[in-house]
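Work through the exercises below with the sequence and the model open. Try each task before reading its solution.

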Amino acid sequence: MSLLQQPSWRIIDQSSHGYQFDALQSFAMDDTLCASVGKGESVATARTWVHHDTIVLGIQDTKLPHLQDGVRLLESLGYRVIVRNSGGLAVVLDEGVLNISLIFPESEKGIDINRGYDTMLALIQRMFKGYQVEIVAKEIVGSYCPGSYDLSVNGKKFAGISQRRLRNGVAVQIYLGVTGSGSERAEVIRRFYETALKGEETKFIYPSIKPETMASLAELVDKDLTMQKVMLQLLQTLKNESQHIFASQLTEQEMILFEQNYARVLERNRKAIEM
């Protein structure tokens, strides 16, 4: 059975929180939901979130030889720079990028890593099936944060998927470039690596970014696409897969855990950037 088919889906929509909503809060939020879904205190949860003008680095990016120069460049372009607690490399978040987290209990028999990725792929394919486009999962060389579950249309990447496992919960996370220019976002990351590497050889091979390999869904699928339309498609798709969907915020208990997680995420981020 598909993991999308749940008796109930809890929906936490944080896609319109605006500039005050910090991406580090999102990581603390998913950690909190992993714990409550993992303990059976919450049903499977879908959370949507948007962050403005933020570059999220992976742990590997903190080992760049001239990281601070790269960070200064990004800040000069108006971006806030943070480090995430899951795998992968640098990505751009802005008001045209919708993030979706699907949080499942690990007790679902055998959520191996590919099953988590395949579930998110299936969700996105179902959301956009009305557009008659083929959404493919394979690594797009030249994109930022490349991986075998890059999602693309006609060879241009519009999304990437990551996973986090914690306290018997699994969070499968995707960033969807909905509107705006995918190649302009990629150019920002290309300049970051150029500045943070300065041509030096490193043990880890950082991606050589080709901005033309990336695009947004509005560029690939439908120029009239908006965040609101995509949100509606998401809710409709989850509704089709379950008997019940309901909107929710954090419970009192979850709020307490969130505050603890957020303090920890802030501290870890401070140390990672200082590395």
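The exercises below concern a predicted model.

**Exercise 1. Cysteines**

Task: Find how many disulfides the structure holds, and explain the result for Cys34 and Cys145.

Solution:
- Start with the cut-off: a disulfide needs two cysteine sulfur atoms within 2.5 Å.
- Take Cys34. Its closest cysteine sulfur is in Cys145, 18 Å away, so the two are too far apart for a bond.
- Now start from Cys145. Its closest cysteine sulfur is in Cys34, again at 18 Å and too far for a bond.
- The search of the whole structure therefore ends with zero disulfides.
- Check burial too. Cys34 is buried at 0% relative accessibility, and Cys145 is buried at 15%. The cut-off for buried is under 20%.

**Exercise 2. The sheet**

Task: Lay out the strand order of the open sheet and identify its edges.

Solution:
- Write the order of the eight strands: S7-S8-S9-S10-S6-S2-S1-S11. The pairing is mixed.
- Mark the edges. Strands S7 (136–137) and S11 (244–247) each pair on one side only.
- Place the helix. H1 (residues 23–38) packs on the sheet and touches S1, S2, S6, S9 and S10. Its direction makes about 175° with that of S2.
- Look at the S11 edge. S1 (residues 8–14) runs parallel to S11, and four bridges join them. Ser8 stands opposite His244 there.

**Exercise 3. Strand S6**

Task: Work out how S6 pairs with S2 and S10, and decide whether its residues are buried or exposed.

Solution:
- Pair S6 with S2: the sense is antiparallel, over five bridges. Trp49 has Asn99 of S6 as its bridge partner.
- Pair S6 with S10: this is also antiparallel, over nine bridges. Phe104 stands opposite Val170 in S10.
- Recall the rule for side chains: in a regular strand they alternate between the two faces of the sheet.
- Sort the residues by side. Val97, Asn99, Ser101, Ile103 and Pro105 lie on one, with Leu98, Ile100, Leu102 and Phe104 on the other.
- Read the burial. Both faces are covered, and nine of the nine residues of S6 are buried.

**Exercise 4. Helix H3**

Task: Compare the span of H3 with the expected value, then find what its buried residues pack against.

Solution:
- Count first: H3 (residues 113–127) has 15 residues.
- Compare the spans. From first C-alpha to last, H3 reaches 22 Å, close to the 21 Å expected at 1.5 Å a residue.
- List buried residues. Among them are Gly116, Tyr117, Met120, Leu123 and Met127.
- Find their partners. The buried residues of H3 pack against S6, S7, S8, S9, S10 and helix H6 (227–241).

**Exercise 5. Aromatic pairs**

Task: Describe the ring pair of Trp9 and Phe104, then that of Phe192 and Tyr193.

Solution:
- Begin with the total: the structure holds nine aromatic pairs.
- Classify Trp9 and Phe104. Their centres are 5.7 Å apart, with 70° between the planes, and the pair is edge-to-face.
- Locate the two rings. Trp9 is in S1 and Phe104 in S6, so the pair ties together parts 95 residues apart in sequence.
- Check burial. Trp9 has a relative accessible area of 0% and is buried; Phe104 is likewise buried at 0%.
- Classify Phe192 and Tyr193. Their centres are 5.2 Å apart and their planes at 55°, so this pair is tilted. Both residues are buried.
- Extend the picture. Ring pairs link Phe192, Tyr193, Phe204 and Tyr206 into a cluster.

Notes
Residues are numbered from 1 along each chain as its sequence is written. This is a predicted model: local features need pLDDT of at least 70, side-chain atom pairs count only at pLDDT 80 or more; totals for chains, interfaces and linings use all residues. Side-chain values use heavy atoms; hydrogens and water are left out. Buried means under 20% relative accessible area, exposed over 50%, partly exposed in between (1.4 Å probe, protein chains only). Two strands pair if DSSP finds at least two bridges between them. Helices (H or I, at least four residues) and strands (E, at least two) are DSSP runs, numbered from the N terminus. Contact means heavy atoms within 4.5 Å. Axes are lines fitted to C-alpha atoms, for helices over the stretch in contact, and angles run from 0 to 180 degrees between N-to-C directions. The expected span of a helix is 1.5 Å times one less than its number of residues. Rings of Phe, Tyr and Trp (its six-membered ring) pair if their centres lie within 6.5 Å; planes under 30 degrees apart count as stacked, over 60 as edge-to-face and the rest as tilted.
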